[in-house]
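This report turns to the salt bridges of the structure shown below, taking the pairs one after another and then the way they connect.

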Amino acid sequence: EKIPPPPPPPPLKGGGRITVAYVSSHFTATSIGRESLFIIGAHDTHRVHAVCFALNEEGGLSALKLAFRSAVKGVCHEFQDVSGLGDEDIASAINTAQPDVLLDLNGWAGGQRERVIAMKPARVQVNYKNWVASTGMR
């Protein structure tokens, strides 16, 4: 049986920019935090609108971790601390941002909220970097 071609991509919104959302508990001095700082900072801001959702709160972070978190905040167009929200509310916040792509930077590596990802708050979701295998979600 022949597989039909995929539908055309949706039109870009916001003057031709795509919205890329990142969700992580590692927007600090971790390897993922350091790498995300440079990845997000390298986006062409005329083409990419970056929205970050932090799963960890600022309270109790060391000065170094706070410095990295502040730096990540500085390269994101929007930065939301959703650490105090329930899974449904986090999924709703992500969905409200209308991301074209959602990158889960946690996988199963500490601080994850995989139930949020399982709710599919974005049409396209990608697990990136912090988990070497599939999360097993469909």
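## A helix-to-strand pair

In this predicted model, Arg-69 and Asp-81 form a salt bridge in which the closest N and O atoms are 3.2 Å apart. The two partners belong to distant parts of the chain, with Arg-69 in helix H2 (residues 63–75) and Asp-81 in strand E3 (residues 78–81), 12 residues apart.

Their surroundings can be described by relative accessibility: Arg-69 has a relative accessible area of 0% and is buried, whereas Asp-81, at 39%, counts as partly exposed.

## Pairs between helices H3 and H4

Asp-87 forms a salt bridge with Arg-115, and the closest N and O atoms of this pair are 3.6 Å apart. Because Asp-87 lies in helix H3 (residues 87–96) and Arg-115 in helix H4 (residues 114–118), the pair ties together parts that are 28 residues apart in sequence. Asp-87 counts as buried at 15% relative accessibility, so it falls under the 20% cut-off, while Arg-115 counts as partly exposed at 46%.

Arg-115 also forms a salt bridge with Glu-88, for which the closest N and O atoms are 2.8 Å apart. With Arg-115 in helix H4 and Glu-88 in helix H3, this pair ties together parts that are 27 residues apart in sequence. Glu-88 is partly exposed, its relative accessible area being 44%.

## Network and total

Through salt bridges that share partners, Asp-87, Glu-88 and Arg-115 are joined into one network. A search of the whole structure finds three salt bridges.

Conventions: Residues numbered from 1 in each chain as written. Predicted model: local features only at pLDDT ≥ 70, side-chain atom pairs only at ≥ 80, totals over all residues. Heavy atoms only, no water. Salt bridge = Lys/Arg side-chain N within 4 Å of Asp/Glu carboxyl O. Helix = DSSP H or I, 4+ residues; strand = E, 2+ residues; numbered from the N terminus. Buried < 20%, exposed > 50% of the residue type's maximum accessible area, 1.4 Å probe, protein only.
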